[in-house]
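Work through these exercises with the model open beside you. Try each task before reading its solution.

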Amino acid sequence: MIVINGRFLTQRLTGVHRFAYEITCALWRRGEELVVVAPADVCEQYECPFPVVRTRGKGSHLWEQMILPHYVRRHYRGALLITWTGLSPLSYRHAFYTIHDVSYLENPRWFSRSYYWFYRLLTPLAARRAERVLTVSEFSKRELIKYLHLPADRINVVYNAVDTMPPGQLQEGERYILSVCSMDPRKNLPRLVEAFAGMQDTDCKLYLVGGTNSVFRHAGMETDERVKLLGYVSGARLSDLYRNALAFVSASVYEGFGIPNVEAMWQDCPLAVSDIEVYHEVCGDAAVYFDPYNPESIRTTIRQLIGSEALRNQLIEKGRQRCRLFSWDKSAATVAILIHTT
């Protein structure tokens, strides 16, 4: 029996929560015997084909560490407990624990002190107590070995994917460049905006999709009227934004994977991205790369991309091939093998 830590169902369906939801759906499609045990305050946004059991309590760390493991022992004795995001219960050892990245260890200044110390102290404990650790890229695997000193044979890579994303609709409208990210400092938005501000010779707009999070320290960004802050948008709206953008840009300085890059490839949107290790792993030759610490490099690369229809078409075709490497069903198959051989 597999029990999924359902705390992710209490949070917005973005990023790591998308990973948790889609992998659970794919395991359910495979016919795996599973149940998701969740707090009482599940978001109505989720349409779950898999069984969900709601317990007392809300989706807090206390629920995850106290109520969840007690409930599993009482109702599903001997079950494998899988945590896709958050913190695996320290008291439950027959467990798989997913760590998407260790950005808080790479640069503590990107996070609030409370967030840093909570995960700095508890993540290594949870990782060592779990039977197996999952992560989302070979880059992140190397980071876990480096920072948490975990043995390589206890870590398995389970890639993100986007193949359940609906196709966007082509529409007439403004010419724009798209970026999808939060105000998290590692997303490097101030440098992207600075780079764009120097492109006074273009009629393009810069559309920014995403929100803010209180755990991140960030200064206010000066923007001009050509920069549109769209906040969170629906899945259908996001698909349309990708499909109709001249280019997608990600200026992040650190990521564990980078789902928006694959979403852009899936929607036939050419990529200009940071020259960082994980982006080369995920995007390969389906992107043009820039130095994320240098606004002039960002600006020059964007200009190159939006100024060449031939280059954009070349990257779109390469992106179509590249994104086929990432499938929720393939990733679920990897997890299923681990489940049945552990």
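Contact means heavy atoms within 4.5 Å. This is a predicted model, so local features need pLDDT of at least 70, side-chain atom pairs count only at pLDDT 80 or more, and totals for chains, interfaces and linings use all residues. Residues are numbered from 1 along each chain as its sequence is written, and side-chain values use heavy atoms, with hydrogens and water left out.

**Exercise 1. Place Ala 264 and list its contacts beyond four places in sequence.**

Solution.
- Step 1: find the element. Ala 264 sits in helix α8, residues 259-266. Helices (H or I, at least four residues) and strands (E, at least two) are DSSP runs, numbered from the N terminus.
- Step 2: check burial. Ala 264 has a relative accessible area of 0%, so it is buried. Buried means under 20% relative accessible area, exposed over 50%, and partly exposed in between, with a 1.4 Å probe and protein chains only.
- Step 3: list the contacts. With neighbours within four places set aside, Ala 264 contacts Tyr 242, Phe 248, Cys 269 and Leu 271.
- Step 4: take one distance. Ala 333 is 69 residues from Ala 264 in sequence, and their C-alpha atoms are 24 Å apart.

**Exercise 2. Describe the protein chain as a whole: its elements, its extent and its surface.**

Solution.
- Step 1: count the elements. The protein chain has twelve helices and 13 strands.
- Step 2: test compactness. The radius of gyration is 20 Å, close to the 20 Å that the globule rule gives for 342 residues, so the protein chain is as compact as a globular protein of that length. The radius is taken over C-alpha atoms, and the rule is 2.2 Å times the number of residues to the power 0.38.
- Step 3: box it. Along the principal axes, the C-alpha atoms fill roughly 65 × 40 × 35 Å.
- Step 4: look inside. Of the 342 residues, 58% are buried. Take the contacts with a separation of 6 or more: 64% of them join residues 24 or more positions apart.
- Step 5: look outside. The exposed area is about 15100 Å², and carbon and sulfur atoms supply 50% of it. Accessible areas come from the Shrake-Rupley method with a 1.4 Å probe; for residues, only the protein chains shown count as cover.
- Step 6: locate the charges. The mean positions of the 40 positive and 36 negative charges are 8 Å apart. Lys and Arg count as positive, Asp and Glu as negative; His and the chain ends are not counted. Each charge is placed at NZ of Lys, CZ of Arg, CG of Asp or CD of Glu.

**Exercise 3. How many residues of strand β2 are buried, and which residues lie on each side?**

Solution.
- Step 1: count. Five of the five residues of β2 (34-38) are buried, so the strand is largely enclosed by the rest of the structure.
- Step 2: split the faces. Leu 34, Val 36 and Ala 38 are on one side, with Val 35 and Val 37 on the other, and all are buried.
- Step 3: find a partner strand. Strand β1 (residues 2-5) pairs with β2 in the parallel sense over four bridges. Two strands pair if DSSP finds at least two bridges between them.
- Step 4: name one bridge. Val 3 has Val 35 of β2 as its bridge partner.

**Exercise 4. Is His 149 buried or exposed, and is Asn 188 buried or exposed?**

Solution.
- Step 1: recall the background. Most residues other than glycine have a negative phi.
- Step 2: read phi. His 149 has a positive phi near 60°; for Asn 188 phi is positive too, near 65°.
- Step 3: place them. His 149 is in the loop between α5 (138-148) and β7 (155-157). Asn 188 is in the loop between β8 (176-180) and α6 (189-197).
- Step 4: compare accessibility. His 149 is exposed at 61%, whereas Asn 188 is buried at 3%.

**Exercise 5. Which residues does Leu 241 touch beyond four places in sequence?**

Solution.
- Step 1: place Leu 241. It is in helix α7, residues 235-244.
- Step 2: check burial. Leu 241 is buried, at 1% relative accessible area.
- Step 3: list. Leu 241 touches Tyr 176, Leu 178, Tyr 207, Val 209, Leu 230 and Val 233.
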